[in-house]
Amino acid sequence: MDCIFCKIIKGEIPSEKVYETENLVAFKDISPMAPVHILIIPKTHIGGADELNEDNAAVVSEIMLAARHIAEAFNLDNGWRVVTNVKEDGGQTVRHLHFHLLGGKKLNTELA
Ligand code: 5GP
Ligand code: ZN
């Protein structure tokens with residue numbers, strides 16, 4: 001399958017990894033929108049949150065816990081945000097489920 005994030009998981013595309021477990025990997029976004037902008041993704045290919053089901057959704061809990069650990073490691077004591085975009089209206093450009101972890105500045109409060 002031609003998925004850039006699957007290629008990052010396999011090491012076929014370089015990335016700046018900051019955290020990894022058996023089921024997920026986290027790396028710096030190539031075009032950051034905040035001083036800290038990390039992408040956290042499951043190692044299993046899931047297209048987006050619209051493809052979550054009873055069998056594959058447990059990794060989302062692991063991703064949120066990873067977000068907390070990464071936020072601590074990057075000293076985001078003042079706060080941070082996790083966002084997942086879904087399909088066209090949600091602004092998703094890469095069809096492999098990913099969660100943006102953003103912080104290091106006062107984030108825009110306009111959600112939509
Ligand atoms: P989306 O718009 O789908 O929510 O987020 C996709 C994100 O992936 C964007 O913020 C974009 O900058 C990032 N991205 C796209 N291609 C690459 C890449 O090859 N490497 C890294 N590190 N980030 C990427
Ligand atoms: Zn993929």
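In this predicted model, the zinc ion (ligand 2) is held by four protein donors, Cys3 (SG), Cys6 (SG), His45 (ND1) and His96 (ND1), at 2.0 to 2.3 Å; donors here are N, O and S atoms within 2.8 Å of the metal (3.2 Å for Na, K and Ca), with water not among the atoms. Along the sequence, the donor residues follow the spacing C-x2-C-x38-H-x50-H. The angles among the 4 donor atoms run from 103 to 115°, and the site comes out as tetrahedral (four donors, all angles between 85 and 135 degrees). For four tetrahedral donors the ideal angle is 109.5 degrees. Cys3 is buried at 5% relative accessible area, and Cys6 also counts as buried, at 14% (buried means under 20%, with a 1.4 Å probe and protein chains only).

Turning to ligand 1, 16 residues surround it, and the closest are Lys28, Asp29, Asn85, Thr93 and His100 (a heavy atom within 4 Å). Oxygen atoms of ligand 1 make polar contacts (N or O pairs within 3.5 Å) with a polar side-chain atom of His100 at 2.8 Å, a backbone N or O atom of Val94 at 3.0 Å and a polar backbone atom of Gly91 at 3.2 Å. On its own, ligand 1 has 520 Å² of accessible area, and the protein covers 84% of that (Shrake-Rupley method, 1.4 Å probe).

Residues are numbered from 1 along each chain, and chains are lettered from A and ligands numbered from 1 as written. Local features need pLDDT of at least 70 and side-chain atom pairs 80 or more, while totals for chains, interfaces and linings use all residues, and side-chain values use heavy atoms, without hydrogens or water.

Note on methods. Tetrahedral: all angles 85-135°; square planar, octahedral: opposite > 155°, others 65-115°. Buried < 20%, exposed > 50% of the residue type's maximum accessible area, 1.4 Å probe, protein only. Polar contact = N/O pair within 3.5 Å; in protein donor to acceptor, adjacent residues only side chain to side chain.
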